[in-house]
Amino acid sequence: MQLVVARIGRAHGIKGEVTVEVRTDEPELRLGPGAVLATEPAAAGPLTVAAGRVHSGRLLLRFEGVRDRTAAEALRNTLLVAEVDPDETPEDPEEFYDHQLADLEVVTVDGTVVGRIESVAHLPAQDLLVVRRADGGEALIPFVAEIVPEIDLAAQRALVDPPPGLLGEEPGDAGPEGEGFVPGEPSGGPATRPAPDTEDPGQGSSR
């Protein structure tokens, strides 16, 4: 299956490098030299990674055949898409790919069925489970260990222990980013549930 692993940003310098917004916890694997990536839009690719380096905390990539700033700038906002075996699982038991979480039944610790996971929103501060309620509404649940204590893939269930008010808002209320909140796009990286009182791990769905 195909997963978005990065979005190309602005050109960097004059030799064809671009900044990339990484959307995977495995950039060395997905975005390393020699990686061949499909693109959205498809006409921009496929692209083969020629080299990569970190500059001022951001990943820079250079692609084969992209040799100057003009060619690099033409790729701006292109999504990089990797082919991933649907049976592949992350090594860390606390990490999950977005497609593994999709359609899991969400149940509270007291046995109340909330709905099913529709997607994972990847935000700068944390990841959110976008849950379609049984009544057709939507719930946004932070993917952190104290709120989502258990993911049981065998049972196709996510156990949640929501704090007061998290599931009490009316459908359509503003999300955690305020009015007009739009969930992020799928990521190609695994979703990791951070333990309580840990710093944000960066890209990927984090519990």
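## Thr19 and its neighbours

Let's start at one residue: Thr19 is buried, with a relative accessible area of 9% (buried means under 20%, exposed over 50% and partly exposed in between, using a 1.4 Å probe and protein chains only). Thr19 belongs to strand β2; helices (H or I, at least four residues) and strands (E, at least two) are DSSP runs, numbered from the N terminus. Which residues does Thr19 touch, leaving aside those up to four places away in sequence? They are Arg7, Ile8, Gly9, Arg10, His12, Arg58, Leu59 and Leu60, where a contact is heavy atoms within 4.5 Å.

## How to read the model

This is a predicted model, in which local features need pLDDT of at least 70 and side-chain atom pairs count only at pLDDT 80 or more, while totals for chains, interfaces and linings use all residues. Residues are numbered from 1 along each chain as its sequence is written, and side-chain values use heavy atoms, with hydrogens and water left out.

The pLDDT, the predictor's confidence in each residue from 0 to 100, has a mean of 81 for the protein, and 75% of the residues reach 70 or more. Two stretches call for care when you look at the picture. Over residues 170-184 pLDDT stays under 50, and the model has 18 contacts beyond four places in sequence for them. Over residues 197-204 pLDDT also stays under 50, with 13 such contacts in the model. Where pLDDT is low, the predicted coordinates should not be read in detail.

## The protein as a whole

Three helices and 14 strands make up the list of elements in the protein. Of its 207 residues, 43% are buried. Among contacts between residues at least 6 apart in sequence, 57% join residues at least 24 apart. About 10,600 Å² of the protein is exposed, and carbon and sulfur atoms supply 50% of that area (by the Shrake-Rupley method with a 1.4 Å probe; for residues, only the protein chains shown count as cover).

## The barrel

Thr19's strand, β2, takes part in a closed barrel of six strands, which runs β1-β2-β5-β4-β3-β6 with antiparallel pairing. The twist in this barrel averages 50° from one strand to the next; axes are lines fitted to C-alpha atoms, for helices over the stretch in contact, and angles run from 0 to 180 degrees between N-to-C directions. Two strands pair if DSSP finds at least two bridges between them.

Strand β1 (residues 2-12) pairs with β2 in the antiparallel sense over five bridges. Arg7, one of the residues that Thr19 touches, has Glu21 as its bridge partner in β2.

## The open sheet

A second set of six strands forms an open sheet in the order β11-β10-β9-β8-β13-β12, with mixed pairing. The edge strands are β11 (138-142) and β12 (150-152), each of which pairs on one side only. From one strand to the next, the twist of this sheet averages 35°.

Within this sheet, strand β8 (residues 105-108) pairs with strand β13 (residues 157-160) in the parallel sense over four bridges. Here Val107 has Leu159 in β13 as its bridge partner.

## Salt bridges

How many salt bridges does the structure hold? There are five, each a side-chain nitrogen of Lys or Arg within 4 Å of a carboxyl oxygen of Asp or Glu. In one of them the side chains of Glu17 and Arg53 meet, with 2.8 Å from N to O. Because Glu17 lies in strand β2 (residues 17-22) and Arg53 in strand β4 (residues 47-55), this pair ties together parts that are 36 residues apart in sequence. Glu17 is buried at 15% relative accessible area, whereas Arg53 is partly exposed at 37%.

Another salt bridge links Glu118 with Arg132, whose closest N and O atoms are 3.1 Å apart. Glu118 lies in strand β9 (residues 113-122) and Arg132 in strand β10 (residues 127-133), so the pair ties together parts that are 14 residues apart in sequence. Both partners are partly exposed, Glu118 at 42% relative accessibility and Arg132 at 31%. Arg132 also forms a salt bridge with Glu138, with closest N and O atoms 3.5 Å apart, and Glu138 is partly exposed at 32%. Through these shared partners, Glu118, Arg132 and Glu138 are joined into one network.
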